[in-house]
Amino acid sequence: MTYNYDYSKLLGRMREKLITQSHLASVLGLSETSLNRKIKNKTEFRQSEISKICECLEIPNEHIDSYFFNH
């Protein structure tokens, strides 16, 4: 099942902050493969993961929708 969210803005923010998928996966306590599956719309992000990502990438609460729920 795919969820069809566009994570390009999230990936751009990771580049801006010089955060690799490997580092972010470590912050989340996930394998790189698990994080990649989420970014590729194979599995969903959990609310707790979104919160940790926002903290790590300094994404304000009012911008969460544009990073995680953009189709």
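Okay, let's start with Glu-49 and what it touches. Setting aside its neighbours within four places in sequence, Glu-49 is in contact with Leu-28, Leu-30, Lys-38 and Glu-44. Keep in mind that we're looking at a predicted model here. Glu-49 sits in helix H4. So, is Glu-49 buried or exposed? Its relative accessibility is 5%, and buried means under 20%, so Glu-49 counts as buried.

Now let's jump over to Ala-25, which lies in helix H2. Glu-49 and Ala-25 are 24 residues apart along the chain, and their C-alpha atoms are separated by 9.8 Å. Ala-25 is buried too, with a relative accessible area of 1%. And what does Ala-25 touch, not counting residues up to four places away in sequence? You'll find Leu-30, Ser-31, Glu-32 and Leu-35 there.

Some of that is a helix meeting a helix, so let's stay with H2 and H3 for a moment. In general, you describe two packed helices by the angle between their axes and the distance between the axes. For this pair, the axes of H2 and H3 come within 8 Å and cross at roughly 100°. That makes H2 roughly perpendicular to H3. If you want to find the contact on your screen, look in H2 for Gln-21, Ser-22, Leu-24, Ala-25 and Leu-28. Those meet Glu-32, Leu-35, Asn-36 and Ile-39 in H3. Sorted by class, the contact of H2 with H3 has 5 nonpolar, 3 polar and 1 charged residues.

Back to H4, where we began. Which residues of H4 are buried? They are Glu-49, Ile-50, Ile-53, Cys-54 and Leu-57. These residues cover an arc of only 135° around the axis, so they end up on the same side of H4. Turn the helix around and, on the other side of H4, Gln-47 and Glu-55 are exposed. As for partners, the buried residues of H4 pack against H1, H2, H3 and H5.

Let me pick two residues out of that buried side. One of them is Ile-50, in helix H4, and Ile-50 is buried with a relative accessible area of 10%. Leaving out residues up to four places away in sequence, Ile-50 touches Phe-45, Ile-64, Phe-68 and Phe-69. Try checking Ile-50 against Leu-28 as well: the two are 22 residues apart in sequence and 9.3 Å apart in space, C-alpha to C-alpha. The other residue I'd pick is Leu-57. Again not counting residues up to four places away in sequence, Leu-57 touches Leu-10, Arg-13, Met-14, Lys-17 and Ile-19.

Several of those names belong to H1, so let's look at that helix. In H1, the buried residues are Leu-10, Gly-12, Arg-13 and Met-14. What covers them? The cover includes H2, H4 and H5.

Okay, time to zoom out to the core. As a general point, nonpolar side chains in soluble globular proteins tend to be buried together. Here, the largest nonpolar core has 18 residues. The ones with the most contacts inside it are Leu-10, Leu-24, Leu-35, Phe-45, Ile-53, Leu-57 and Phe-68. Which elements give two or more residues to this core? Going along the chain, they are H1 (8-16), H2 (21-28), H3 (32-39), H4 (47-57) and H5 (64-68). H4 gives the most, with 4 residues.

Last stop: two residues with a backbone detail to look up. Just after H1 you get Leu-18, with a positive phi of about 55°, although Leu-18 is not a glycine. Leu-18 is in the loop between H1 and H2. Is Leu-18 buried or exposed? At 75% relative accessibility, and with exposed meaning over 50%, Leu-18 counts as exposed.

Then just after H4 comes Glu-58, which takes a positive phi of about 55°. Glu-58 isn't a glycine either. Its place is the loop between H4 and H5, and at 51% relative accessibility Glu-58 counts as exposed.

Note on methods
Residues numbered from 1 in each chain as written. Predicted model: local features only at pLDDT ≥ 70, side-chain atom pairs only at ≥ 80, totals over all residues. Heavy atoms only, no water. Core = buried A, V, L, I, M, F, W, Y, C linked by side-chain atoms within 4.5 Å. Buried < 20%, exposed > 50% of the residue type's maximum accessible area, 1.4 Å probe, protein only. Contact = heavy atoms within 4.5 Å. Axes fitted to C-alpha atoms, helices over the stretch in contact; angles between N-to-C directions. Parallel < 35°, antiparallel > 145°, perpendicular 65-115°, else oblique. Nonpolar A, V, L, I, M, F, W, Y, C, P; charged D, E, K, R; others polar. Arc of directions from axis to C-beta.
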